[in-house]
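Visitor: Please give me a close look at the disulfide bonding here. Take the links one at a time, and then set them against the rest of the chain.

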Amino acid sequence: MRCPQSSIVLSCTIFILSLLNCYMCVVNQYDKDSILNYHKEARDYVGVPPLKWSKKLEHMAQQMATNCSSKVKAPYGGNILPGYFAYNWPGAVSYWAGEFSYYNHARKSCEGQSNTSCDEYTQMIWRDTVYVGCGDATCFTYTPFFVCLYYPRGNIPGQNPY
């Protein structure tokens, strides 16, 4: 790659560093195990089977994270978290699982404040979801960006999560 003019050198340097960062930010085995364990704990609580890791979903999630994209395309479900809420995988998955405190399991509804969502938590525990794959990258102002994709997707209107 050739960078023109010195005024653009900084932009090219940032671009090259972002490519290197994407190479280094592949989810390692420790993080995969951590992600699966946090999901398993949440799913065990409601009596649904654990998820399996999908390399295909991992690759797709990594592409989304690398592009700093929050657009999940059907037929997949997704949980996305910018790093100002968490700085590592245990923090990101714990943040999603933390919506548990707003979820009324008896009514199967979210009962937090008016702007509270339980969609990330319900995606984690969705009975019909079998696979998860995740990726992360550094986006925006050098903050982590976490993406997990799920298949089959959850949060289907009119259906209960478990």
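Guide: A residue counts as buried when its relative accessible area is under 20%, as exposed when that area is over 50%, and as partly exposed in between. This cut-off is needed for the cysteines below. The model is a predicted one, and what follows is computed from it.

How many disulfides does a search of the whole structure find? The search finds three. They are taken here in the order of the sequence.

One disulfide is formed by Cys-68 and Cys-139, with 2.0 Å between their sulfur atoms. The angle about the S-S bond is -100°, and the link of Cys-68 and Cys-139 is left-handed. Cys-68 sits in the loop between helix H3 (55-66) and strand S2 (77-82), while Cys-139 belongs to strand S5 (residues 131-139), so this pair ties together parts that are 71 residues apart in sequence. The two ends differ in burial class: Cys-68 has 25% relative accessibility and therefore counts as partly exposed, whereas Cys-139, at 2%, counts as buried. The backbone at Cys-68 also deserves a remark, since its phi is positive, about 55°, although Cys-68 is not a glycine.

The loop between H3 and S2, where Cys-68 lies, also holds Pro-75. The peptide bond leading from Ala-74 into Pro-75 is cis, with omega near 15°.

The next link joins Cys-110 to Cys-118, with an S to S distance of 2.1 Å. Here the angle about the S-S bond is 65°, and the link of Cys-110 and Cys-118 is right-handed. What is the burial class of Cys-110? Its relative accessible area is 33%, a value between the two cut-offs, so Cys-110 is partly exposed. Cys-118 has a relative accessible area of 4%, and because that is under 20%, Cys-118 is buried.

Lys-108 can be read alongside this link. Lys-108 is located in the loop between strand S3 (103-104) and strand S4 (109-110). Its phi is near 50°, a positive value in a residue other than glycine. With a relative accessible area of 27%, Lys-108 is partly exposed.

The remaining disulfide is that of Cys-134 and Cys-148, whose sulfur atoms are 2.0 Å apart. The torsion about the S-S bond of Cys-134 and Cys-148 is about 100°, so this disulfide is right-handed. Distant parts of the chain are linked here, with Cys-134 in strand S5 and Cys-148 in strand S6 (residues 143-151), 14 residues apart. Cys-134 and Cys-148 are buried.

Strand S6 also contains Pro-144. At 18% relative accessibility Pro-144 counts as buried, because the value is under 20%. What does Pro-144 touch, once its neighbours within four places in sequence are left aside? Its contacts are Leu-81, Pro-82, Gly-83, Ala-86, Tyr-87, Ala-137 and Thr-138. Leu-81 is 63 residues from Pro-144 in sequence, yet the C-alpha atoms of Pro-144 and Leu-81 are 8.5 Å apart in space. In the segment after S6 lies Pro-152, and the peptide bond from Tyr-151 to Pro-152 is cis, with omega near -15°.

Now the rest of the chain. It has five helices and six strands, which follow one another along the sequence as α-α-β-α-β-α-β-β-α-β-β. Of its 162 residues, 41% count as buried. Counting contacts between residues at least 6 apart in sequence, 69% join residues at least 24 apart.

A helix pair gives one example of packing. Two packed helices are described by the angle between their axes and the distance between the axes. Helix H2 (residues 29-46) and helix H4 (residues 89-97) have axes that come within 9 Å and cross at roughly 20°. That angle is under 35 degrees, so H2 is roughly parallel to H4. The crossing of H2 past H4 is right-handed. On the H2 side the contact is made by Asp-31, Ser-34, Ile-35, Tyr-38 and His-39, and on the H4 side by Trp-89, Pro-90, Val-93 and Ser-94. Sorted by class, the residues in this contact are five nonpolar, three polar and one charged.

Conventions
Residues are numbered from 1 along each chain as its sequence is written. This is a predicted model: local features need pLDDT of at least 70, side-chain atom pairs count only at pLDDT 80 or more; totals for chains, interfaces and linings use all residues. Side-chain values use heavy atoms; hydrogens and water are left out. Axes are lines fitted to C-alpha atoms, for helices over the stretch in contact, and angles run from 0 to 180 degrees between N-to-C directions. Helices (H or I, at least four residues) and strands (E, at least two) are DSSP runs, numbered from the N terminus. Angles under 35 degrees count as roughly parallel, over 145 as roughly antiparallel, 65 to 115 as roughly perpendicular and the rest as oblique. A crossing is left-handed if the near helix is turned anticlockwise from the far one by less than a right angle, and right-handed if clockwise. Contact means heavy atoms within 4.5 Å. Ala, Val, Leu, Ile, Met, Phe, Trp, Tyr, Cys and Pro count as nonpolar, Asp, Glu, Lys and Arg as charged, and the others, Gly among them, as polar. A disulfide is a pair of cysteine sulfur atoms within 2.5 Å. Buried means under 20% relative accessible area, exposed over 50%, partly exposed in between (1.4 Å probe, protein chains only).
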